[in-house]
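Grab a pencil and work through these exercises with the structure open beside you. Try each task on your own before you read its solution.

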Amino acid sequence: MRKLRDQKLTAKCHRVGKPGTVVAKGCATLGTINDTGWSTTGTAGAGLATLGAFSIDRNVESVRECAFEIDPLLDPRWAGLLDRHPQASVFHSPNWLQALRTVYGYAPVVVTTCPPGTSLSNGLVFCRIKSWLTGQRLVSLPFSDHCEPLVDSSDELDDMLLYMRHNVDKDSWKSVEIRPISREPSSHTKFARGVTYCFHRLDLSRSAEDLFRSFHKDCVQRKIRRAERENLKYEEGTSENLLQEFYRLVVLTRRRQCLPPQPLKWFRGLISAFGKNLKIRMASKDGVGIAGILTLSHKKSMVYKYGCSDAKFNRFGGTPLLFWKTIQEAKDRGFEEFDLGRSDSDNLGLIAFKDRWCGQRALLQYWNYPNRPSRPTASWKKGLAKQVVSAAPDLALVEVGRLLYRHMG
């Protein structure tokens, strides 16, 4: 990363800005002020939306580096970086970002140390969540299992995080959260460990036969054979009928988990954004759906994102059949990895289910600033929530999900 000498940067940051902008001492142009706070407008080029820049350093006290914001849905450099970077995932993709903006109104932003007009070599993508319920937060990224910062060095990541910290310290933002797979912030960023999840992924480089033999004999292999003997029907696609049957099972599953279901419009938004790179996969018996999963594909990864089932029919092996069908398709299409997603660390049943597919298990650590230790929910509150969810009709649960999810990202 190119370093600027203090005297040159100081001279640059004291230049007079254009009318309607504010230039702070020791900082680059921040933007305009409106009724809601800082506006991140900037000089626009063809296909480029440079939203603003703050100058920061490792102690957030003096100026050493400049960070810039771009709109990843307008700036073509973002798609170019995703094509080149080996750690770019489905959650970095314009498809996922478009769905977040269309359904929940989150505006995606990328922080980079690359100035306008230069090739993009790094980026940290996040969304600003403006909520009266959960506060104004910066999240990288809402509803994403993981979102690796696309950087080449720890210094680049720290510079971006210090820029994000500046937004929290100086503006009205409550907090910032990142969800990396492998990168960790340095201690001087003052980011702290947040929630920990389990993360599973399956290497698809082996033959389908070798993969099948590696699966748990009783809980996977026999379940798949049982599903075949029961003549379960397998369907895939994005038709309205398939979506409605899938969503029926989503509501059943979320009730079982004592949680409201995701809004139906979220799944419609994903279908619209991903097109042929999204599939709803359903297993049915005697014309009734008994299990479903939703998968996304990006580059060389097949991603399991959502799953649901009717517990009364679990003995027939619907979900193992869907996973096996997905793995076989991924192998045929040349995918290198099956991303099984995250699991809550206390969801031992789901962790055990994914372990039985003999994939790689790792810890997925989220990071937050400022550090606000979570308080355990009182047992009486958990019991009350369970009673309310179990007694609520489906329409009420669906409405609760529709109202709350945009605040939960």
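## Exercise 1: Charged partners

R361 and D355 form a salt bridge through their side chains, at 2.6 Å from N to O. Keep in mind that the model is a predicted one.

**Task.** Work out whether R361 and D355 count as buried, partly exposed or exposed.

**Solution.**
- Step 1: recall the cut-offs, since buried means under 20% relative accessible area and exposed means over 50%, with partly exposed in between.
- Step 2: R361 has a relative accessible area of 46%, so R361 is partly exposed.
- Step 3: D355 has a relative accessibility of 29%, so D355 is partly exposed as well.

Elsewhere, salt bridges with shared partners tie E236, K279, R281, E329 and R333 into one network. The structure has 24 salt bridges in total.

## Exercise 2: A bridge between distant parts

**Task.** Find the salt bridge between R101 and D71, and say which parts of the chain the pair links.

**Solution.**
- Step 1: check the contact; the R101 and D71 side chains meet at 3.9 Å, N to O.
- Step 2: place the partners. R101 sits in helix α3, while D71 is in the loop between β6 (65-70) and α2, and the two are 30 residues apart, so the pair links distant parts of the chain.
- Step 3: look at the cover. R101 is partly exposed at 32% relative accessibility, but D71 is buried at 11%.

Now put another pair beside it: E177 and R179 meet in a salt bridge at 2.9 Å, N to O. Both E177 and R179 are buried.

## Exercise 3: The two sides of a helix

**Task.** Sort residues of helix α2 (residues 76-84) into buried and exposed, then explain why the buried ones share a side.

**Solution.**
- Step 1: pick out the buried residues of α2, which are R77, W78, L81 and L82.
- Step 2: these buried residues span an arc of only 145° around the axis, so they lie on the same side of α2.
- Step 3: turn to the other side of α2, where P76, D83 and R84 are exposed.
- Step 4: bring in the general rule. An α-helix has 3.6 residues a turn, so residues three or four places apart point the same way.
- Step 5: check how α2 begins. There, a side-chain oxygen of D75 comes within 2.9 Å of the backbone nitrogen of R77.

## Exercise 4: Inside and outside

**Task.** Which residues have the most contacts inside the largest nonpolar core, and which helix gives the largest share of this core?

**Solution.**
- Step 1: start with the core itself, which has 47 residues; W78, W96, L100, F246, W266, F267 and I280 have the most contacts inside it.
- Step 2: list the contributors. Elements that each supply at least two core residues include α2, α3 (94-104), α8 (264-274) and β13 (278-285).
- Step 3: the largest share, 7 residues, comes from α7.
- Step 4: think about the general trend. In soluble globular proteins, nonpolar side chains tend to be buried together.
- Step 5: now look at the surface, where W132, L133, V400, L403, L404 and M408 form a nonpolar patch with about 620 Å² of accessible area together. V400, in helix α12 (residues 394-408), is partly exposed, with a relative accessible area of 35%.

## Exercise 5: Unusual backbone spots

**Task.** Where are the cis peptide bonds at S140–L141 and Y369–P370, and which residues other than glycine have a positive phi near 60°?

**Solution.**
- Step 1: remember the background. Most residues other than glycine have a negative phi, and most peptide bonds are trans.
- Step 2: S140 and L141 are joined by a cis peptide bond with omega of about 5°. L141 is in the loop between β9 (137-140) and α4 (154-170).
- Step 3: the bond from Y369 to P370 is cis too, with omega near -5°. P370 is in the loop between β17 (360-369) and α11 (379-391).
- Step 4: C258 has a positive phi of about 60° and sits in the loop between α7 and α8.
- Step 5: C358 has a positive phi near 60°, and its place is the loop between α10 (348-355) and β17.
- Step 6: compare the cover. C258 is partly exposed at 23% relative accessible area, and C358 is partly exposed at 38%.

Notes
Residues are numbered from 1 along each chain as its sequence is written. This is a predicted model: local features need pLDDT of at least 70, side-chain atom pairs count only at pLDDT 80 or more; totals for chains, interfaces and linings use all residues. Side-chain values use heavy atoms; hydrogens and water are left out. Patches are made of residues with over 30% relative accessible area and no salt bridge: like charges are joined within 9 Å, nonpolar side chains (Val, Leu, Ile, Met, Phe, Trp, Tyr) within 5 Å. Accessible areas come from the Shrake-Rupley method with a 1.4 Å probe; for residues, only the protein chains shown count as cover. A salt bridge is a side-chain nitrogen of Lys or Arg within 4 Å of a carboxyl oxygen of Asp or Glu. Helices (H or I, at least four residues) and strands (E, at least two) are DSSP runs, numbered from the N terminus. Buried means under 20% relative accessible area, exposed over 50%, partly exposed in between (1.4 Å probe, protein chains only). The arc is that of the directions from the helix axis to the C-beta atoms. A polar contact is a pair of N or O atoms within 3.5 Å; within protein, one must be able to donate a hydrogen and the other to accept it, and residues adjacent in sequence count only if both atoms are side-chain atoms. A nonpolar core is a set of buried Ala, Val, Leu, Ile, Met, Phe, Trp, Tyr and Cys residues joined through side-chain atoms within 4.5 Å.
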